[in-house]
Amino acid sequence: MDNFLNQNESMDEDSGTITGNERLTVDQAIANLQGEHLGLRVYAAWWLGRFRVSEPSVIERLIQSLEDEEDRTVAGGYPLRRNAARALGKLGDRRAVIPLIHCLQCSDFYVREAAALALEQLRDPLAIPALIELLTTPAIPTVASDSLPPQPYDAILEALGSLQAHDAVPFIHPFLSHQVERIRCSALRAMYQLADSAAAASMYGDQLIGMLSHPNLQLRRTVLADLGAIGYGAAAEAIAHTLAENSLKLISLKGLLEKELTGIHPSLLSPRAMQVMALMDDLL
Amino acid sequence: MTDIDVLIQAVDRADSSVKLLEAVEKLADVQSEKGIPTLIAALGYNNPGAAVAAVDGLIRIGEPAVKGLLDQLDSHNYTARSWAIRALAGIGDPRGLITLLGAATADFSMSVRRAAAKGLGTMKWHWFPDDLLEIAQYEALDALLFVVEQDEEWVVRYSAVVGLQSLGITFGQPTSEIKGVWRCQIERQLTQLIATDLSLTVRARTENALQQLRSQSPKPPLLSVPSSLSTMDWHLILEKLYERKGNERQSIAEGDPRKYRQLAVTIHHRPHPNLEN
């Protein structure tokens, strides 16, 4: 568990800043991204996203990397494309939207997954039709192994929910009964975000809460992340009592708290905000 | 064989992670001092579920477990060390103070820094003799002010805010001059944090802390569970605090976490102090 926690720590969103004296490393990363060494390129793409280096030259180079043909795995995957897509999601530049939409047709499952998540982060509704298409036409030639579903459905469903794609609801609905639990959870999450009434939203949210008692730890962890991402307030107690690492519960409750705080002045803390903070205090 | 021996044996003989977890939970539930060595050993078995249960049990047993936990800190098993620090933070025994000061400001694991920061606010201050209380609380205050300002992880700053709130409430409606100054220092730092912290969650918790401090009702009298610390224990704590002060003056700037690291090393390798001197 400690390894897992440490990984999680380094992914924390509030710590992704760099300051002046690391400048040399930024230049080095940009150089590496254009260099001869394939492994260094892949690492540089990740690094530039991690440290939010959103300079025009970096964005352009990363967009070019989405069409890279040099770096291939034995199975035919595209490591540099995957990392470039992930980085572009973090860098928030909308010039990446169209190139990322093209990536949704890539033969590499993981490139499609990274592109869907990046498009979710870029918050551009332009991506919606292409994402819906992936839900309905699963027959893209794929290099991925048989153990994977035909498409990265969980990433696609999450993106459609976050992009407020109300037109997608009829296409999302069937995934509520998908055989893979992880995918069912993503569908619940999207349906929660797209629900047209508070009662309907609660129905989907409560089903997600139910998944917190699933015997599989990895699934409980992803449900914690889902509930934090949608900020479903009624889940607070259930989150605090799930069998999972405190670090993950704290991140999930942080999502609930911040949803509760949006739009109000911070000095007016609601009873629910107070309740969430009390639960967080006990998990420290 | 007594019941407690049976429970201990069940932990020693567990041959799967599920059995280990169950056995540790049962042993933790009886809160017996006799189970302490076994619970402490369970911190090092690389079974997170069992470690959580053991930490929980050790905190409930409290003070009698402190000696064993401090010894555990000598081990080379980093994971066991970090669990032991969490237990020390939960117990709040004065003998853990130096360890928590170092852990809150300089440990590389954010879950350890987080636990230690909260623990610094909830030490069993009423166990400290008057001459030591002031210097101990000052060190805790100093460390927590450093953490809210400097730690890059939101959750550690959040925890330090919780620690500062507890500490501020301990200072009470100020009666003595120095505690009044400290209390102002806490409120000033929290007010600044609300304006500057990058994390909305930390800002909200800080707002909450300030509200709780300002609406503080007069302190209820403490339940006076007597401390079992010996003269020797107090002597050691005081020695280490003075030594820490000395180290600070010699080399490193105020607030630099390295001072705690150096201190921990110094304490670690120091022979038992001679009481005759």
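This is a short tour of where chain A and chain B meet, followed by a pocket and a cavity.

Before you start, note that the model is predicted, that local features need pLDDT of at least 70, and that side-chain atom pairs count only at pLDDT 80 or more, while totals for chains, interfaces and linings use all residues. Residues are numbered from 1 along each chain as its sequence is written, chains are lettered from A in the order in which they are written, and side-chain values use heavy atoms, without hydrogens or water.

**Stop 1: the interface**

Show both chains and select the residues in contact (heavy atoms within 4.5 Å): you should get 28 from chain B and 26 from chain A. Together the two chains bury about 2,400 Å², with 58% of it on carbon and sulfur atoms; buried area is the accessible area, taken with a 1.4 Å probe, that two parts lose on being put together, summed over both. Now pick Arg114(B), Trp154(B) and Tyr158(B), which lose the most area to chain A in chain B and make up 22% of what that side buries.

**Stop 2: a salt bridge**

Next, select Asp281(A) and Arg205(B), a salt-bridged pair whose closest N and O atoms are 2.8 Å apart. The rule asks for a side-chain nitrogen of Lys or Arg within 4 Å of a carboxyl oxygen of Asp or Glu, and it finds 1 such bridge across this interface. Then colour helix 12 (200-214) of chain B, which gives the largest share of the side touching chain A, 7 residues. Helices here are DSSP runs (H or I, at least four residues), numbered from the N terminus.

**Stop 3: the second largest pocket**

Move on to Ala244(A), Asn246(A), Lys249(A), Val52(B) and Ala53(B), the closest to the pocket's centre among its 44 lining residues. About 1,400 Å³ of space lies here. Helix 4 (residues 48-61) of chain B supplies the largest share of the lining, 8 residues. On a 1 Å grid over the protein atoms alone, a pocket is an open set of points with protein on both sides within 12 Å along at least five of seven lines, a cavity is a set where a 1.4 Å probe fits but cannot get out, and lining residues have an atom within 4 Å of a point.

**Stop 4: the second largest cavity**

Finally, select helix 3 (38-50) and helix 5 (79-91) of chain A, each of which supplies at least two lining residues. The lining includes Trp46(A), Arg50(A) and Asn83(A), and the cavity holds about 30 Å³ of space.

Conventions. Grid points are joined across faces, edges and corners, and a volume is the space filled by probe spheres set on the points.
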